[in-house]
There are 2 protein chains.
Amino acid sequence: MKNWLIEQLMRMNLSDVLVRPQGFTREGYTSEETEAIEAFKAIAEELGLEVSEDAAGNAIARWNVAGGHGAVATGSHLDTVPNGGAFDGGAGVVCGLGAIKMLKEADFEPQRPIEVICFRAEESSRFGVSTIGSKAMSGSLDPSLGTLEDQYGVTLAQAVEGQGFVWQEMVNAKRPKEQLECFVELHIEQGMHIVNHGKDYGVVKGVACPIRLSVTFNGKAGHTGTTPMDRRQDALAAAAPFISFVQETALQLNDAYGKSLVATVSTLTASPNSMNVIPQTVTAGIDIRSVDDRLKMKMADAIQNEAKRIEETTGVAIGIEVLVNNPSVLLDDTIAQQLVEAGDHEAYMAHRMDSGAGHDVMNMAQIWPSGLLFIPCKDGLSHHPDEFADAEDLKMGVELLARFLMEATANGRNG
Amino acid sequence: MKNWLIEQLMRMNLSDVLVRPQGFTREGYTSEETEAIEAFKAIAEELGLEVSEDAAGNAIARWNVAGGHGAVATGSHLDTVPNGGAFDGGAGVVCGLGAIKMLKEADFEPQRPIEVICFRAEESSRFGVSTIGSKAMSGSLDPSLGTLEDQYGVTLAQAVEGQGFVWQEMVNAKRPKEQLECFVELHIEQGMHIVNHGKDYGVVKGVACPIRLSVTFNGKAGHTGTTPMDRRQDALAAAAPFISFVQETALQLNDAYGKSLVATVSTLTASPNSMNVIPQTVTAGIDIRSVDDRLKMKMADAIQNEAKRIEETTGVAIGIEVLVNNPSVLLDDTIAQQLVEAGDHEAYMAHRMDSGAGHDVMNMAQIWPSGLLFIPCKDGLSHHPDEFADAEDLKMGVELLARFLMEATANGRNG
């Protein structure tokens with residue numbers, strides 16, 4: 001099984017290695033993502049699954065069963081951040097396929113359908129919005145997002161159409177509630193909690209959804225050689241204490257509340273970005289996360305106040321736009337219990353925990369009872385070329401998913 | 001004359017206005033710059049001048065005189081920073097042409113040739129290196145600069161070749177010393193010293209050449225949602241106090257030494273610049289200027305020390321590359337005296353001053369006795385869409401240049 005998992009993961013990563021210096025760059029709604037999904041479809045067909053694609057380009061591999069019951073689904077995504085790793089998303093997809101292979105080899109006969117879903121465009125790196133495919137499937141896709149642009153000025157709607165889909169029709173990817181019984185995602189942890197607690201895998205209670213802000217500093221351009229220091233409105237000089245403030249305040253809030261809040265100024269663009277021109281405009285993107293929504297708001301409020309202070313001190317006008325502000329998502333307790341029991345059965349120890357990262361399961365959980373399984377990854381690292389998960393842990397993921405799917409499809413009654 | 005100047009300046013700016021919201025974007029060795037130079041050549045031909053282009057693409061408009069004497073030259077450039085103004089460079093070029101028109105209309109007969117030179121690629125915004133055309137003409141062009149890249153990965157050598165010239169042959173633009181007698185540039189001040197001192201124009205003593213540093217912060221990427229605040233090496237969080245330090249230290253040095261030093265973090269690029277990835281690498285460009293070279297070095301040393309301190313505190317590795325470190329340039333006293341006398345003759349009052357900005361004259365002064373004339377510009381603003389110089393001041397520039405050229409070419413003896 002381990003060799004099979006590695007081989008299929010390499011196929012879906014379009015590579016004969018799983019770690020390489022430049023990492024993997026396969027952003028949402030690019031031909032690279034489409035190629036990876038084609039590989040997924042090929043593997044699913046080799047396993048004898050029925051393969052289809054919905055209006056959003058999500059691929060669905062289905063082990064069909066006559067009778068019209070709702071399916072038990074698992075899955076994740078195959079897009080990556082720029083220079084990301086082969087496991088973020090890919091681990092969940094390959095383990096889902098592996099679980100089916102294991103159940104088929106054991107001649108298991110499910111009483112309801114099983115699906116492995118490969119969602120489109122989970123990462124927010126390209127358009128600033130995450131989990132686009134699962135938003136479409138769960139019916140929460142906002143049609144106005146189609147005008148969002150990537151760094152090259154390509155809109156989300158254009159990108160979707162470039163891959164053979166039609167933006168206006170993507171709302172049709174919404175599935176009736178009765179089509180699915182429940183959904184479980186497997187993902188690499190992207191942190192060190194499992195290992196630090198001496199456990200084997202994670203079962204997630206809640207997912208911390210981000211507040212995301214876009215902050216624009218509007219200063220005044222001028223010649224760097226002739227504009228006296230005390231007569232400037234330098235947008236970057238105004239942004240600098242702001243960046244420090246975000247970092248320091250997040251550290252302080254962690255100290256004060258003993259809770260895990262993270263806040264990052266993750267993007268920054270300066271204009272005109274010329275060696276001999278004082279920066280006129282700086283745009284910074286801020287990502288704030290905590291499972292405690294009040295703590296998240298506390299951080300966002302502090303940022304608002306600091307922006308006012310800097311504006312008054314420097315004369316640089318600061319505008320703040322809220323890109324995203326979603327409450328944290330609580331996952332289904334019954335499913336979580338079943339995921340813990342699956343581990344008991346296979347002699348793996350579960351760690352109950354929260355997730356600092358968002359995942360497709362956030363959207364699926366709005367409609368269907370849902371769960372999230374974590375397997376460890378090396379040094380907790382992800383979104384980085386060194387991202388890595390051990391084949392042993394992938395195999396564990398397969399065993400956990402197979403056990404869960406077996407229990408959940410052993411009979412065909414509803415509920 | 002005023003209408004003629006405005007019209008010709010509009011022709012060279014390829015526009016029927018001289019101020020517009022988006023400014024002018026005409027970077028060095030682009031087809032936009034070439035078009036502007038074609039307009040310059042057309043105007044020069046209408047004035048009956050001999051027009052030629054050297055191996056670097058500098059255009060030379062010559063009022064020839066038999067006898068083989070060295071020419072008295074004036075000129076400036078037609079490239080701009082992105083979203084810059086119509087006057088930085090253009091003012092010097094159009095006033096040079098205007099001075100020739102004035103002398104021709106007065107039936108003046110020069111005893112040595114007069115030239116108006118339009119240099120290529122004065123601004124450093126595209127390749128990080130300034131005054132490329134005048135470097136070539138004065139023989140100080142470093143052939144290794146050909147590999148410098150603009151933000152799109154186009155090398156300087158490729159850009160040069162795109163405009164019909166050959167990088168390896170650009171050294172042939174070097175002119176023998178005897179071809180020119182002297183050089184005077186006219187430029188907008190890009191500051192407020194002339195007006196603040198109640199004078200009409202500026203005659204420059206020294207030009208403050210920059211120290212330019214490229215500072216790279218190498219942190220570690222990671223997921224913004226799952227990497228605890230106290231386990232990060234965030235390159236942007238490390239760059240922020242550094243930017244503040246540059247700003248504050250420049251202000252302090254001005255206070256302490258009563259001299260005009262300016263230091264600007266003018267460019268910043270963050271990578272991967274994704275909303276959900278901790279910044280891994282930040283590259284910042286710093287521009288430091290003062291006519292006092294020791295003060296400039298003091299600032300650069302302070303920056304080195306601060307980089308070490310931040311590196312030790314944050315674990316983010318910081319590398320500093322010196323892109324440029326040229327001593328300030330002192331201009332010719334005799335020429336300066338002649339420029340002051342030209343003002344006396346025309347009833348304009350000169351302000352003796354230094355220049356915080358670099359100009360083509362810096363390179364010409366390495367070989368030929370050289371001078372620099374400033375005319376006021378509105379609010380001291382340049383490298384900005386609102387850059388503006390009054391037609392009255394352009395006309396004054398024409399009168400000053402015409403008077404200087406007349407005196408300098410009234411007889412043909414050497415010296």
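**Exercise 1.** In which loop of chain B does B:Thr131 lie? Determine also its backbone phi and its burial.

*Solution.* The model is predicted. Step 1: B:Thr131 belongs to the loop between E4 and H4 of chain B. Step 2: its phi is positive, about 45°, although the residue is not a glycine. Step 3: the relative accessible area of B:Thr131 is 0%; buried means under 20%, so B:Thr131 is buried.

Step 4: turn to B:Ala121, which is found in the loop between strand E4 (114-119) and helix H4 (132-138) of chain B. Phi of B:Ala121 is near 50°, again a positive value in a residue other than glycine. With a relative accessible area of 3%, B:Ala121 is buried.

**Exercise 2.** Test the length of helix H3 (residues 90-105) of chain B against the expected span, and describe its surroundings.

*Solution.* Step 1: at 1.5 Å a residue, the 16 residues of H3(B) should span 22 Å. Step 2: the end C-alpha atoms of this helix are 22 Å apart, which agrees. Step 3: 13 of the 16 residues of H3(B) are buried, so the helix is largely enclosed by the rest of the structure. Step 4: just after H3(B), B:Asp107 adopts a positive phi of about 55°.

**Exercise 3.** Locate the residues that UniProt places under "binding site" in chain A, and establish why they do not all gather at one spot.

*Solution.* Step 1: the unreviewed UniProt entry places this feature at A:Arg212, A:Asn276 and A:Arg289. Step 2: these residues span 78 residues in sequence, and the farthest two C-alpha atoms are 37.5 Å apart, so they do not all gather at one spot.

Step 3: A:Arg212 lies in strand E7 (residues 211-218) of chain A and is buried, with a relative accessible area of 3%. Its side chain makes a polar contact of 2.7 Å with the side chain of A:Asp287. The residues touched by A:Arg212 include A:Arg289, B:Met275 and B:Asn276.

Step 4: A:Asn276 lies in the loop between strand E8 (262-271) and strand E9 (281-289) of chain A. A:Asn276 is buried as well, at a relative accessible area of 4%. Among the residues it touches are A:His223, B:Arg212 and B:Arg289.

Step 5: the loop between E8 and E9 of chain A also holds A:Pro272. The peptide bond from A:Ser271 to A:Pro272 is cis, with omega near 5°. In chain B, a cis peptide bond joins B:Ser271 and B:Pro272, with omega about 5°.

**Exercise 4.** Classify two of the aromatic pairs and identify the elements that they tie together.

*Solution.* Step 1: a search of the whole structure finds six aromatic pairs over all chains. Step 2: the rings of A:Phe119 and A:Phe183 have centres 5.7 Å apart and planes at 70°; planes over 60 degrees apart count as edge-to-face, so this pair is edge-to-face. Step 3: A:Phe119 lies in strand E4 and A:Phe183 in strand E5 of chain A, so the pair ties together parts that are 64 residues apart in sequence. Both A:Phe119 and A:Phe183 are buried.

Step 4: B:Phe217 and B:Phe242 also form an edge-to-face pair, 5.3 Å centre to centre with 75° between the planes. B:Phe217 lies in strand E7 and B:Phe242 in helix H7 of chain B, so the pair ties together parts that are 25 residues apart in sequence. Both B:Phe217 and B:Phe242 are buried.

How values were computed
Residues are numbered from 1 along each chain as its sequence is written. Chains are lettered from A and ligands numbered from 1 in the order in which they are written. This is a predicted model: local features need pLDDT of at least 70, side-chain atom pairs count only at pLDDT 80 or more; totals for chains, interfaces and linings use all residues. Side-chain values use heavy atoms; hydrogens and water are left out. Helices (H or I, at least four residues) and strands (E, at least two) are DSSP runs, numbered from the N terminus. The expected span of a helix is 1.5 Å times one less than its number of residues. Buried means under 20% relative accessible area, exposed over 50%, partly exposed in between (1.4 Å probe, protein chains only). UniProt positions are given in the numbering used here, feature names are shortened, and annotations may be inferred rather than shown by experiment. Contact means heavy atoms within 4.5 Å. A polar contact is a pair of N or O atoms within 3.5 Å; within protein, one must be able to donate a hydrogen and the other to accept it, and residues adjacent in sequence count only if both atoms are side-chain atoms. Rings of Phe, Tyr and Trp (its six-membered ring) pair if their centres lie within 6.5 Å; planes under 30 degrees apart count as stacked, over 60 as edge-to-face and the rest as tilted. Lists of a residue's contacts leave out its neighbours within four places in sequence.
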